[in-house]
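Thanks for coming, everyone. Let me put the structure on the screen, and then we will walk through it piece by piece.

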Amino acid sequence: MTQLTGQERATYVQNMFTRIAKRYDLMNRLMTGGQDIRWRKQVIQLARLKDNASLLDLGTGTGDLAREAVLQFPQAKVTAADFTLEMMRVGQKISPLNFSAADALRLPFNDSSFDAVISGFLMRNLIDLQKGIEEQFRVLIEGGRIVILDTTRPKKNILSPFIWLHMHFIIPALGGLLTGVSEAYRYLPETTEGFVTAEDMAKRMTSTGFKKVNFKQLMFGTIAIHWGEK
Ligand SMILES: C[S@@+](CC[C@H](N)C(=O)[O-])C[C@H]1O[C@@H](n2cnc3c(N)ncnc32)[C@H](O)[C@@H]1O
């Protein structure tokens, strides 16, 4: 997969999520030992929504983050957007949300449309990371918040061999068993290791114009939550 670029890579990503959609949520719970539920709560808290705020959950998948937002802020206007229809179709069966078909690199929303834009495990998939950050900046109001949850390139430490084993063997084996698409779970370590570091992501956000950019790393440095303000 790493050899694919541009539209070919985007199509590969879309097909892959179409194939794993039904088991995607279960696999998330297993891979993270249920920790992703806690991270999602943190993302919504960091979005600092006010009553009636408008929120975009980009790359929503089956809508887990959007659902958490609705739970914490029932008055908020939550849009759950993704370019893989099958992921949203599975999500709609879990519980209906305001799903919207959208490419993160060409958002079908006007400038300054949202009080907050959040994403979970989206950014690593984009064929143009910079454009993805810029699009989120564009659709945010002045003072609006961005929160990004994703895997991040782990630094070398004493746990590195165990992390490597987990990512390269346990996750693909489990993914293969549960979804029948182990390739999708080889894609995960590949893209994580090829992704920017948490520090680089923060720099990109700042150079795009975001202020008060900060981040925290979780799960032995393999996960990061970034946030900032337009
Ligand atoms: C790993 S899943 C994350 C789903 C969900 N946000 C979560 O937290 O579990 C990544 C999602 O990003 C979507 N995605 C990838 N590239 C995209 C793009 N260019 N535009 C919109 N969605 C995209 C995929 O279709 C997939 O549903």
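One term before we start: two strands pair if DSSP finds at least two bridges between them. Also keep in mind that this model is predicted.

Let's use that term right away. Look at strand β6, residues 211-218, and strand β7, residues 223-229. They pair in the antiparallel sense, over 6 bridges. Take one bridge as an example. K211 has its bridge partner in β7, and that partner is E229. What do β6 and β7 form together? They form a hairpin, with 4 residues between the two strands. In the turn sits M219, with a positive phi of about 50°.

Now to strand β1, residues 54-58. Is β1 mostly covered or mostly open? Mostly covered: 4 of its 5 residues are buried. Which strands does β1 pair with? One is β2, residues 77-82, in the parallel sense over 5 bridges. There, L58 stands opposite A81 of β2. Another is β4, again in the parallel sense, over 4 bridges. On that side, D57 stands opposite I118 of β4. How do we get from β1 to β2? Through α4: β1, α4 and β2 make a right-handed β-α-β unit.

Next, the ligand. Its surroundings count 21 residues. Which of them come nearest? G59, G61, T84, A104 and G120. Two elements give two or more residues each to this shell: α1, residues 6-20, and α4, residues 64-72. So α4 comes up twice today: in the β-α-β unit, and here in the shell around the ligand. What is the shell like by class? It has 11 nonpolar, 7 polar and 3 charged residues.

On to a helix. Helix α8 runs over residues 182-194, which makes 13 residues. How far apart should its ends be? At 1.5 Å a residue, the expected span is 18 Å. The end C-alpha atoms are 19 Å apart, so the two values agree. Which residues of α8 are buried? Among them are A184, Y185 and Y187. These three cover an arc of only 140° around the axis, so they lie on the same side of α8. The general background is simple. An α-helix has 3.6 residues a turn, so residues three or four places apart point the same way.

Now the backbone again. Two more residues have a positive phi without being glycine. First, S112, with phi of about 55°. S112 is found in the loop between β3, residues 99-101, and β4, residues 114-120. Then F121, with phi near 60°. F121 is found in the loop between β4 and α6, residues 129-139.

Are these two buried or exposed? Start with F121. It has 21 C-beta neighbours inside 10 Å, and 20 or more is enough, so F121 counts as buried. S112 has 13 such neighbours, so S112 counts as partly exposed.

Last stop: T5, in the segment before α1. With 9 C-beta neighbours inside 10 Å, T5 counts as exposed, because the cut-off is 12 or fewer. How far is T5 from A80? Along the chain, they are 75 residues apart. In space, their C-alpha atoms are separated by 26 Å.

That's the tour. Over to you for questions.

How values were computed: Residues numbered from 1 in each chain as written. Predicted model: local features only at pLDDT ≥ 70, side-chain atom pairs only at ≥ 80, totals over all residues. Near = placed C-beta within 6 Å. Nonpolar A, V, L, I, M, F, W, Y, C, P; charged D, E, K, R; others polar. Right-handed = clockwise from strand over helix to strand, strands pointing away. Expected span 1.5 Å × (residues − 1). Arc of directions from axis to C-beta.
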